[in-house]
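Work through the exercises below with the sequence and the model open. Each task is followed by a solution in steps.

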Amino acid sequence: MHKGIAVSPGVVVGVAYRLDSVFGSSEPQCLESPESIPAEVERFDRAVELSATELEAIVVKVAQQLGGSEADIFKSHLQIVNDQTLLAKVRSLIETQQLTALSALQLVLQSYAATFARIEHDYFRERMTDIRDVISRIGSHLTLQSPLIPTGTHVDGHGDEPVILVAHEILPSQAMSLGNLPIAGIVTETGGGTSHAAILSRSRGIPAVSGVVGITGDVRSGDLMVVDGRDGLVLVRPDRETTAAYRKLQREFFDLKDRLVLNRDQPARSADGSQIELLANINNLADTQAALKVGATGVGLFRTEYLFLTHQDVPDEEEQYQYYRQIIEDSPGCAVTIRTLDLGGDKTVPYLGRRSEANPFMGWRSIRLSFEHPRLFERQIRAILRAGRHGKVNMLFPMITTLEELRYVNKLVEETRRNLRREGVPFGEDVKTGVMVEVPAAAVCIDALLRETDFISIGSNDLIQYLVAADRDNPKVAHLCEPLSPAIFKVLQMVLDACQRTGTPVTLCGEMAGQPRSVLALFGMGLRRFSMSPAFVPTIKALLSSVTTAQAERFAHQVLQLKTSEEIRTYLTARLHEISSALEVFDSA
Ligand code: PEP
Ligand code: MG
């Protein structure tokens, strides 16, 4: 049994599928027989070819969109992908050692890393980053397009068992590609409650556990396993009795989910009739459909960076406009809040800078990055304003830290509107603009920001990590990234009060919005707009319909008196149990 961090609730029994990556720590894998060697070399050559074609297209597009010098990095990647010495080393390992292409790539990467580590020079360090990038590009063609991808059926004689993905880490681009596969659970060695794997699992409503140290060494593809996303347990090769017990829990979990979703056409209201808005956080078009199906009444957060992360190259203004328009048209009658690029931190695209910062989350990320790429930023603002003609659209700016930044952004939007008018390009005149409150400085100076913005959205994921100075993706400090804590609730209350005083619309779009215990307190603190992974909408609707405003206000009042996270957790766990014990399965430990 392994213990990790429960990041997406629910229980599933299934067979493991190991997503090995070139950066993973798994043992080298051999091919089953020498006869497979030619096919494996061919598979490798195909992956190289696909990578080269991809890179050629990127060079052209990046040069058009961002300028020639930004494309240089991809030109050097093209050289690497065509480097015959590197390719010959990989082929030779497949042929002589009978290794899989992925393992051969991994060994070559390790040998380059060892050589470069001995050379103390920035140029070589950068060069190693490029080699890593290229090898990972080839590797992802090998893994994600490999015939080994699970189909949900017949894995190692377990019949129609659901598939549980086991990985060291899931990269953002992989997270999106995996979105189309039939995966019923996710277990990763790295990551915390708000990492991509967590966000992906939640948006699909499947159980997941992160931060499970050593799991990739203990599991082979085809092993039976249990993922218990309620308290972060992972069982590998469980015995018959344990399996039967978990299968029963799994059935109950899915039955409850199916029953809850029947509330999709009912309005979201508390037991005494207070109206609440339950909105969806979406990362792509498919999530828009999922949001509609569960009864979300709008999109509270569209993370546009996923469009960039999964795009072959850089999406231009027209492509962005068409994509945003599609999301708006697929959400008839609903407001759609589109957040501008929030790259950096753990989400990087090579054309906007490298991963070489010592503290990427504290560094060059999000709106700071957009400010440094004014052409790219302006095109995104144009695309959003133009899409604003097709429905009710809000534009949201991430990671605003100071009033100066807000003023600068407002000025850019005004200028862009003027340009569009002058060019005669139609756009939505009534697109509202808003600020994400996710940096403590913005929360502390909220009054000043509220005077110059139409609405705000609280990004509790980042607000928490910055408030407690603990990386949201680092399992070692996950205990500090705890939403149910006195400091968080005090700051949230301060922000909500300021919004109430000024009548500013406020949404909370961090993961707290979909967590039953947090929601009980937030509703009591006056929050009426929650934006969450679509899968949580039915649960939160059911929860709120079982509690009165006065009851929740009492809970919130009490929570704000408590001094430790432990006290808050115990208190809210007990309240949730009283109100609806059936929904406890939807709250992670
Ligand atoms: C947040 O920080 O709470 C948020 C919603 O944004 P993201 O998780 O994309 O950083
Ligand atoms: Mg954020």
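**Exercise 1. A loop residue and its backbone**

Task: Determine whether Met399 is buried or exposed, and describe its phi.

Solution. Step 1: Met399 has a relative accessible area of 2%, so it is buried. Buried means under 20% relative accessible area, exposed over 50%, and partly exposed in between, with a 1.4 Å probe and protein chains only.

Step 2: Met399 sits in the loop between β12 (392-397) and α15 (403-423). Helices (H or I, at least four residues) and strands (E, at least two) are DSSP runs, numbered from the N terminus.

Step 3: The phi of Met399 is positive, about 55°, although the residue is not a glycine. Most residues other than glycine have a negative phi.

Step 4: Gln98 also has a positive phi without being a glycine, near 60°. Gln98 belongs to the loop between α3 (84-97) and α4 (101-117), and with a relative accessible area of 23% it is partly exposed.

Conventions for all exercises: this is a predicted model, in which local features need pLDDT of at least 70 and side-chain atom pairs count only at pLDDT 80 or more, while totals for chains, interfaces and linings use all residues. Residues are numbered from 1 along each chain as its sequence is written, chains are lettered from A and ligands numbered from 1 in the order in which they are written, and side-chain values use heavy atoms, with hydrogens and water left out.

**Exercise 2. Strand β7 in its sheet**

Task: Place β7 in the open sheet, and state which of its residues are buried on each side.

Solution. Step 1: The open sheet has eight strands in the order β1-β8-β7-β3-β4-β5-β6-β2, with mixed pairing. Two strands pair if DSSP finds at least two bridges between them. The edge strands, β1 (2-3) and β2 (5-8), each pair on one side only.

Step 2: β3 (residues 11-19) runs antiparallel to β7 and is joined to it by five bridges. Across this pairing, Gly14 stands opposite Met225 and Val15 opposite Leu224.

Step 3: β8 (residues 233-236) is also antiparallel to β7, with four bridges; here Val227 has Val234 as its bridge partner. The hairpin of β7 and β8 has four residues between the strands, and in it Gly232 takes a positive phi near 75°.

Step 4: Leu224, Val226 and Asp228 are buried on one side of β7, and Met225 and Val227 on the other. Five of the five residues of β7 (residues 224-228) are buried, so the strand is largely enclosed by the rest of the structure.

**Exercise 3. Domains and cores**

Task: Find which domains give residues to the largest nonpolar core.

Solution. Step 1: The assignment gives domain 1 (2-21 + 149-258), domain 2 (34-143) and domain 3 (270-563); such bounds come from an automatic or database domain assignment.

Step 2: The largest nonpolar core has 144 residues, and Ile456, Phe489, Leu492 and Phe530 have the most contacts inside it. A nonpolar core is a set of buried Ala, Val, Leu, Ile, Met, Phe, Trp, Tyr and Cys residues joined through side-chain atoms within 4.5 Å. Helix α1 (residues 37-66) gives the most to this core, eleven residues.

Step 3: Domain 2 and domain 3 both give residues to this core, so it lies between them.

Step 4: A second, separate core of 22 residues includes Ile186, Ala197, Val226 and Leu233.

Step 5: The C-alpha centres of domain 2 and domain 3 lie 36 Å apart. Their contact (heavy atoms within 4.5 Å) takes 16 residues from domain 2 and 15 residues from domain 3.

**Exercise 4. The magnesium ion**

Task: Which residues coordinate the magnesium ion (ligand 2)?

Solution. Step 1: The donors come from Glu438 (OE) and Asp462 (OD), at 2.0 to 2.2 Å. Donors are N, O and S atoms within 2.8 Å of the metal (3.2 Å for Na, K and Ca); water is not among the atoms, so sites may look incomplete.

Step 2: Glu438 is in the loop between β13 (432-437) and α16 (440-444), and Asp462 is in helix α18 (residues 460-467), 24 residues apart.

Step 3: Glu438 is buried at 2% relative accessibility, and Asp462 is buried with a relative accessible area of 2%.
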